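Biologist: Got a minute to go through the charged contacts in this one? Pull it up and we can start.

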Amino acid sequence: MTGVVQGVGFRPFVYRIASGLGLSGFVGNDSAAVFVEVQGPPAALDEFAHQLETQAPPLATITSVQCRELPLAEETGFHIVESREADTGRTPIPPDVAVCADCVRELFDPTDRRYRHPFVTCTNCGPRFTIIKDLPYDRPATTMAGFPMCQRCAAEYHDPGDRRFHAQPVACPDCGPSLWFETSPGGDRISDTDAAIAAAQRALAAGRIVAIKGIGGYHLACAAGDAAAVAHLRTRKARGGKPFAVMVRDLDAARRLVEIDDLAARVMTSPARPVTLLPRVPGAPVADEVAPGNPLLGVFLPYSPVHHLLFAPVPGHTAPVPDVIVLTSANLSDEPICYTDDDAATRLPRLADAVLNHDRPIHVPCDDSVVRVVDGRELPIRRSRGYAPLPVALGREVAPVLAVGGELKNTFCLTVGDRAYLSAHVGDMGSWETMQAFERGVSQLSALADAAPARVAADLHPGYLTRSWAERRAGGPGEPPLELVQHHHAHVAALLAEHGRLGEPIVGIAFDGTGYGTDGGVWGGEVLRLGTDTRRFTRAGRLAAVPLVGGDAAVRQPWRTALAHLHAADVAWAADLPPVAAAGDAGTALVESLLRAGRGAVCTSVGRLFDAVASILDVRHEVFYEGQAAIELELLATGEPAQLPSFAIAPADSGEVVLDPAPVIAGIVAARRAGVPDAALAMAFHHAVADAVVAVTDRVADGIRLVGLTGGVFQNVLLLRLARDRLTAAGYEVLTHRVVPPNDGGLALGQAVIAALSPAEELGSA
């Protein structure tokens, strides 16, 4: 049996079924699968097979079962045998998951021997990916190897009837890792567990920033209702205005902060326990500094025993119990999460006032995952803890490829056999520390997958650090060939791959910020047509190009793009227009001179179009994190839409269908001057973009009935629903992201499958 079948209690599950049915034989792990030999009466064997398929452990995923008949053997009883190496392949590595309800009950049961033990776990929960050093998954191959089991834990470990049977992280207060509190990073220690938890609670209540070592790295925590503490944390992390996530005790506490329906509750309480972005309740008891100006709040529930202890009274202590805490990765913005002892000793003194620490080593760092909820399912924004490194099943054997991903929200991908393994979130590749984390991650995942890439894939952009890294390790004599993959082509291929539909013709609507085009231009509003060969694409449509005034400065200052779009729409830069006021005399003069000189790149970016409209509607003229203006424009869009003109649609000389937003831009200005509310205009703009998606699809589909919505712009849930519903009503089948993010966090998957399917030749449009 292959799939996620190690580290999830699968062998004891098989043992219990076989023993219960009176069958004889054995079960064991190898590096590629779980192997079982079983014999007995045919009816019992049929029931055994049925229970394997229908009653697997909650964290297990069986992707294939291979069976063959053997001669009868002289054997009695059923046994778990020692692990062994397989000749080929590796089994998927399970992700880290939240502590289960059974373990939480033990954690707070005074009669249980693991009462208040901060590392309580069993076969159904706890760390996996971050502690595994090698496969097969056995204790000596994990970071728990340094903690010999006591007699009672060993008895549980070897008892087939126990919930901890062959649970590799099993431990107790007598033999497991230890927790302590440092009054300052590296300072005096409080080693008693309860005293350490109480000290952390008191520090949080006093407005201090506490670093907490978790499952996949260190977090920084502070009281979410303490405006000064949150502002201090924001300064220390150099966070700008980007929202923080908050952790609360349970769903009831979360409902005091955000609107949670039954579907969102199901996502929040899943074993992955992601940070879930939800509408904030008016008057929610968190400081404005947690998510400045943002009606969404990222909320998640405790997923480790330490978290549960922090949100509960400590017996014998009078420390105040927190209601809600900010919990964010311990790093400076754009750097990787801190996760080793050496790293903590160097970096935490600048970030934290105190540390709640432990001595279980973290082998692989792993950030928290972030999702939005669309129709009761996750829309991944950041795929990491709880999901990585689960593979995507490709439905076919492909060449082994290492894809290095993009520059922002980086992840990388390794294809092995018929699977694509995606890394946890690495981050933005703008620092030496992030590049080091990237290299470590590549080495770790390659070793666990036991795969050497036959090809390396990277983005077409010549300035990406990931491409430079790939060029240093591929393409030379004796090295694997390097494949350069166009950015938006990779987005569409990733969507096909996660749905297991490689090779199906599709119209891919790839809307994002910016990506390097095959013509050397700046793309970002692309309509790509792919046939049965996923390796090739035709650029069938695009957004009309406007100057990217000032290059990267236009990303930081949306008023620049707003002025460019107003100019393209023949709207005079009157003083009553918000972007004109934001630019000032110096800014408008600068943009005017650049437009007149025709200097700089032009771009087709829908992301920049959203920025422009946000500036025209006086939502945001300067951004402090990626996508801020577009996010705030989405959140402004409420109520009934105003009446606006549609996008103009016409063929270009190149044969592409061009979506021109000029009528929409002019219509927004005219309606705003007529007193139409900004919220109605923001809603109308979203409707206009969705209408344009259907119109351009009708123009270019040429018989294709499958449409994909991908790229970072489709993190916008309002736009995603509007476009999907319109396309569905028009008779198209619509694919949206459910496994990898629509943003650049999913880019590596698309790069990998394109290169894995392609010959060693230059890729490009066909």
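Modeller: Start with lysine 409. Lysine 409 is partly exposed, at 21% relative accessibility. Buried means under 20% relative accessible area, exposed over 50%, partly exposed in between, with a 1.4 Å probe and protein chains only.

Biologist: What kind of model is this, and how are residues numbered?

Modeller: It is a predicted model: local features need pLDDT of at least 70, side-chain atom pairs count only at pLDDT 80 or more, and totals for chains, interfaces and linings use all residues. Residues are numbered from 1 along each chain as its sequence is written, and side-chain values use heavy atoms, with hydrogens and water left out.

Biologist: Which residue forms a salt bridge with lysine 409?

Modeller: Glutamate 626, with the closest N and O atoms 2.2 Å apart. A salt bridge here is a side-chain nitrogen of Lys or Arg within 4 Å of a carboxyl oxygen of Asp or Glu.

Biologist: Where do the two sit?

Modeller: Glutamate 626 is in the loop between α17 (606-616) and α18 (628-636), and lysine 409 is in the loop between β18 (401-403) and β19 (413-416), so the pair ties together parts 217 residues apart in sequence. Helices (H or I, at least four residues) and strands (E, at least two) are DSSP runs, numbered from the N terminus. Glutamate 626 is partly exposed, at 48%.

Biologist: How many salt bridges by that rule?

Modeller: The count comes to 35. Some share partners: Asp519, Glu526, Arg539, Arg542 and Glu656 form one network.

Biologist: And aspartate 138, what does it pair with?

Modeller: Arginine 11, at 3.5 Å between the closest N and O atoms. Aspartate 138 lies in the loop between α3 (101-107) and α4 (151-157) and arginine 11 in helix α1 (residues 10-20), so this pair links parts 127 residues apart in sequence.

Biologist: Is aspartate 138 buried or exposed?

Modeller: Buried, at 18%. Arginine 11 is buried as well, at 6%.

Biologist: What about arginine 105, which partner there?

Modeller: Aspartate 102, at 2.1 Å, N to O. They are three residues apart in helix α3, about one helical turn. Arginine 105 is exposed at 52%, while aspartate 102 is partly exposed at 30%.

Biologist: Switching to strands. How do β15 and β16 run?

Modeller: Antiparallel, with five bridges joining β15 (residues 370-374) to β16 (residues 377-382). Two strands pair if DSSP finds at least two bridges between them. Valine 371 stands opposite proline 380 in β16.

Biologist: What does aspartate 375 do in that hairpin?

Modeller: Aspartate 375 takes a positive phi near 55°, and the hairpin has two residues between the strands.
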